[in-house]
Amino acid sequence: MLPPGSMGWPCVGETLQLYSQDPNDFFTHKQTRYGNIFKSHILGCPCVMLASPEAARFVLVTHAHLFKPTYPKSKEKMIGPFALFFHQGNYHTNLRKLVQSSFAPEAVRKLVPGIEAIAISALESWASTSGQAIHTFHEMKKFSFEVGILSIFGHLGGKYMEELKENYSILDKGYNSFPTNLPGTAYNKAILARKRLGEIMSEIICERREKDLLVEKDLLGHLLNFKNEEGQTLSEDQISDNIVGVLFAAQDTTASLLTWILKYLHDDQKLLEAVKAEQKMIYESNDGGKRPLTWAQTRKMPITHKVILESLRMASIVSFTFREAVVDVEYEGYLIPKGWKVMPLFRNIHHNPEFFVDPQNFDPSRFEVVPKPNTFMPFGTGVHACPGNELAKLEMLILIHHLVTKFRWEVVGSQQSGTEYGPFPVPRKGLPLKFWKESPIKTPNNCASS
Ligand code: HEM
């Protein structure tokens, strides 16, 4: 028996219903009407949507081998077909180990000084706009891109950095455009930019080989040194597809969440004061910011850390994911036919009052108690869970530290609420903000010297 639900109109299914309203309202309405498992038809595909922690675990963890990752062909072409998230089996397992080790705590802790420099430079530039509002999401994208580049290539020369930035931004504009490959279309420009990105990465690889820098411990170093059980290394295409894949996975997710954090803190001044107090203690213990932030200090920011967790829950920026059944699967008496898409709905689980009391209320203190198993999956779960979660949290902690200790911000415009999707949810108009620098905090040391 198929799960309950509606398949909508012939051909279009329920795609129009999904996109003509807030997608969250669509999923919530369906869950209220049909329960935790229901069928639908969107974007030309029949699918089964799953809104319970047990069902998400079934698809993503215990029976992951029955469901394969699935993405539109146009996206695969743009990112590169060898990127790990398009795969399962041996190739995926090997690459995943490699990516995971590049972003494990032991690896990302070395990035603290580099990320700190990027964060300070970004904040200084926002405060120097002479009262002009910034588009917060766009600025956060620049920040998360630069951190991504640092973690992949280490400190990259200015020429390569500019070329990567320029071409990646053209590619980025084409990701969500209609896939018509005619000259002048955003899609066509993106495909050309992707080709140039491949060429730039080839040059970087060549330079590393010439300078004998293959022992570097960044992601590129790991990719260049990789050998599978048969002793095979990765091709340049495999390397560049995975680099673009990581940039793609890292940029908009982190930028969207940071934008939400700024909004949540702005909307709750009491909470902002608590975060400031926590960060100012660290700032003062670093001689009023004269000494750099350390990895150990980033591990001791309990209030800020809970703000990040609650923002991940509240915004649930990866609201759901897609898989495809590779055989007919039975779950709880329902049939999921082979070839149908399966969508674990993370956001519905994160907003279910059974697991998170008063779920629409932003309350970081709820994370003083560990959530029930499988009810909190902002970074996914199972074989495809996010390998970049430590880096994402680290860059957020570092940016927030410098933000609240030295800067202030105000949301511009009367219409402060609302969400846009691109495709991740972002506060309306990318959250226009005015930024300025606070006068330096008086610490015993800098009082004495002034
Ligand atoms: C707030 C920031 C982030 C969020 C919320 C997030 C969320 C996720 C989620 C939910 C998945 C699993 C998708 C699925 O199961 O289909 C995922 C996968 C992935 N993420 Fe993240 N991510 C974030 C940041 C990052 C960063 C900074 C990196 C890289 C440094 C990264 C790299 C990846 C990669 C490579 C995958 C694919 C893993 C695989 O298929 O094995 N992510 N992410």
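**Exercise 1. Proline 425**

In which strand is proline 425 found? Place this residue in the predicted model, then decide whether proline 425 is buried or exposed.

*Solution.* Begin with the secondary structure, where proline 425 belongs to strand 11. Next, take the neighbour count: there are 21 other C-beta atoms within 10 Å of proline 425, and a residue is classed as buried when 20 or more lie within that distance, so proline 425 is buried. Then look at which residues surround it. With neighbours within four places in sequence left aside, proline 425 is in contact with Ser256, Ala315, Ile317 and Thr419. Finally, consider the separation along the chain: proline 425 and serine 316 are 109 residues apart in sequence, yet their C-alpha atoms are separated by 8.3 Å.

**Exercise 2. Two residues with positive phi**

Where do glutamate 332 and lysine 429 lie, and what is the phi of glutamate 332 and of lysine 429?

*Solution.* Start from the general expectation that most residues other than glycine have a negative phi. Against that background, glutamate 332 has a phi near 50 degrees, which is positive although the residue is not glycine. Glutamate 332 sits in the loop that joins strand 6 (329-331) to strand 7 (334-336), and because it has 12 C-beta neighbours inside 10 Å, it counts as exposed.

Now turn to lysine 429, likewise not a glycine, whose phi is positive at about 55 degrees. Lysine 429 lies in the loop between strand 11 (425-427) and strand 12 (432-437). With 16 other C-beta atoms within 10 Å, lysine 429 is partly exposed.

**Exercise 3. The packing of helix 7 and helix 8**

At what angle do helix 7 and helix 8 pack, and which residues make the contact?

*Solution.* First, take the geometry: helix 7 (residues 112-127) and helix 8 (residues 136-153) pack at about 160 degrees, and their axes are 10 Å apart. Since an angle over 145 degrees counts as roughly antiparallel, the two helices, helix 7 and helix 8, are therefore roughly antiparallel to each other. The crossing in which helix 7 passes helix 8 is right-handed. Helix 7 contributes Gly114, Ile115, Ile118, Ala119, Ala122 and Trp126 to the contact, while helix 8 contributes Glu139, Lys142, Phe143, Glu146, Val147 and Leu150. Sorted by class, the residues of this contact between helix 7 and helix 8 are 8 nonpolar, 1 polar and 3 charged.

**Exercise 4. Two further helix pairs**

How are helix 9 and helix 10 oriented, and how are helix 13 and helix 15 oriented?

*Solution.* For the pair formed by helix 9 (residues 158-175) and helix 10 (residues 186-210), the packing angle is about 150 degrees and the axes are 8 Å apart. That angle makes helix 9 roughly antiparallel to helix 10. Helix 9 passes helix 10 in a left-handed crossing. Among the residues that make this contact are Tyr160, Leu164 and Tyr168 of helix 9, together with Ala190, Leu197 and Ile200 of helix 10. The contact of helix 9 with helix 10 divides into 13 nonpolar, 2 polar and 5 charged residues.

For the other pair, the axes of helix 13 (residues 269-285) and helix 15 (residues 302-315) come within 8 Å and cross at roughly 135 degrees, and helix 13 and helix 15 are therefore oblique to each other. The contact joins Ala274, Val275, Glu278 and Gln279 of helix 13 to Ile303, Thr304 and Val307 of helix 15. By class, the contact of helix 13 with helix 15 has 4 nonpolar, 2 polar and 1 charged residues.

**Exercise 5. The shell around the ligand**

Which residues come nearest to the ligand, and which helix supplies the largest share of the shell?

*Solution.* Around the ligand there are 26 residues, of which Phe85, Ala249, Gly380, Cys386 and Gly388 come nearest. Next, assign the shell to its helices: helix 5 (90-102), helix 12 (236-267) and helix 17 (389-406) each supply at least two residues, and the largest share, 7 residues, comes from helix 12. In terms of class, the shell divides into 17 nonpolar, 8 polar and 1 charged.

As a last step, examine glycine 380, which lies in the loop between helix 16 (346-350) and helix 17. Glycine 380 is partly exposed, with 16 other C-beta atoms within 10 Å. If residues up to four places away in sequence are not counted, glycine 380 touches Leu60, Thr321, Ala385 and Cys386.

Methods:
Residues are numbered from 1 along each chain as its sequence is written. This is a predicted model: local features need pLDDT of at least 70, side-chain atom pairs count only at pLDDT 80 or more; totals for chains, interfaces and linings use all residues. Axes are lines fitted to C-alpha atoms, for helices over the stretch in contact, and angles run from 0 to 180 degrees between N-to-C directions. Helices (H or I, at least four residues) and strands (E, at least two) are DSSP runs, numbered from the N terminus. Angles under 35 degrees count as roughly parallel, over 145 as roughly antiparallel, 65 to 115 as roughly perpendicular and the rest as oblique. A crossing is left-handed if the near helix is turned anticlockwise from the far one by less than a right angle, and right-handed if clockwise. Two residues are in contact if their C-beta atoms, placed from the backbone, lie within 7 Å. Ala, Val, Leu, Ile, Met, Phe, Trp, Tyr, Cys and Pro count as nonpolar, Asp, Glu, Lys and Arg as charged, and the others, Gly among them, as polar. A residue is near a molecule or strand if its C-beta atom, placed from the backbone, lies within 6 Å of it.
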